[in-house]
Amino acid sequence: MTDRYAVFGNPVGHSRSPRIHALFAAQCGQDISYQAILAPKDGFAAAVDSFVATGAGKARGANVTVPFKEEAFRIATQCTPRAQAAGAVNTLSFDSGVVLGDNTDGAGLVRDLKHNLGCDPGGRRVLLLGAGGAARGVILPLLLENPAELVIANRTEETAARLALEFARLPGCALGVKPDGMGFPALVERQFDLVINATSAGLSGAVLPLPSFLFAPRCVAYDMVYGRETAFMIQAREAGARVADGLGMLVEQAAEAFFIWRGVRPNTAPVLAALKK
Ligand code: ATR
């Protein structure tokens, strides 16, 4: 029987996950099905239950996208430490009544940076822009790479300060570096080697108030958004940075989920190339 997987979101029609997982499955010789499921905004848990209960073949797992990642964290019966730290789940595994929640977003970002872009966060001065769900999901994996520093900057300064403090106090985690939280004005005269945009400003076309001095020579500027050129990317390129969008992160977080479910790590390079076409 074919094992079943799905991605839940609202909207979900734009999701590239079904194509990515179909390419991984073909490459790795895995017999799986993977569908996109539009869950009602107030009906995520019921949609997951119905997916698990009905259909030919066993439901083994699911990806979760906007706006359900926090709710997925709540319905999981167990969570990995990185999902706990993120407070959000993008990967569910179903096994004999256990619903295991994981979060592969940060691992996907780090892998894209290191393996596809040749930009190891280790030893670099890293700036994370934004303090919402997208930012929270990548902080622990970034810290575990031992950057020289990690600054979280946000339009609302208090949110960044609170988030930084939360991760600085993370229990049971011997992190070499503690994050700092601040507002955008405090970035004046500071420089970073890696600047990651995790705000949703790009979706509305808003320009972030970033000084061009911020981007150190050979800086990599990474926008987690994909499929469009954001104001951040334009700003960063004009300041001399090397710019990347979040397509590689999307493929790498999917590869990490595929590995969790199937125990095989797909080769992401041909899949990324196919999506770029
Ligand atoms: P997501 O899950 O995508 O992170 P979110 O939790 O709503 O969405 O967080 C959005 C983030 O983008 C926040 O950090 C937000 O800043 P505030 O905390 O000040 O609201 C940031 N953001 C959204 N629009 C922005 C804009 N026009 N300029 C600067 N930051 C913006």
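The following conversation goes through the ligand site and the domains of a predicted model.

Biologist: What makes the oxygen atom of the ligand and the backbone atom of Ala-131 a polar contact?

Modeller: The distance between an oxygen atom of the ligand and a polar backbone atom of Ala-131 is 2.9 Å, and a polar contact is a pair of N or O atoms within 3.5 Å, so this pair counts as one.

Biologist: Which side chain has a polar atom 2.9 Å from an oxygen atom of the ligand?

Modeller: That is Arg-155, through a polar side-chain atom, while Ala-134 uses a backbone N or O atom, again 2.9 Å from a ligand oxygen. Taken alone, the ligand exposes 640 Å², of which the protein buries 67%.

Biologist: Why is Arg-155 called charged, and how is the shell around the ligand divided by class?

Modeller: Arg is counted with Asp, Glu and Lys as charged, so Arg-155 belongs to that class. The shell has 5 nonpolar, 7 polar and 1 charged residues, and Arg-155 is among the residues that come nearest to the ligand, as are Asn-154 and Thr-156.

Biologist: How do you know where one domain ends and the other begins?

Modeller: The bounds come from a domain assignment, which gives domain 1 as 3–103 and domain 2 as 106–248. Their contact takes 7 residues from domain 1 and 10 residues from domain 2.

Notes: Residues numbered from 1 in each chain as written. Predicted model: local features only at pLDDT ≥ 70, side-chain atom pairs only at ≥ 80, totals over all residues. Heavy atoms only, no water. Near = heavy atom within 4 Å. Polar contact = N/O pair within 3.5 Å; in protein donor to acceptor, adjacent residues only side chain to side chain. Areas by Shrake-Rupley, 256 points an atom, 1.4 Å probe, with all protein chains shown as cover. Contact = heavy atoms within 4.5 Å.
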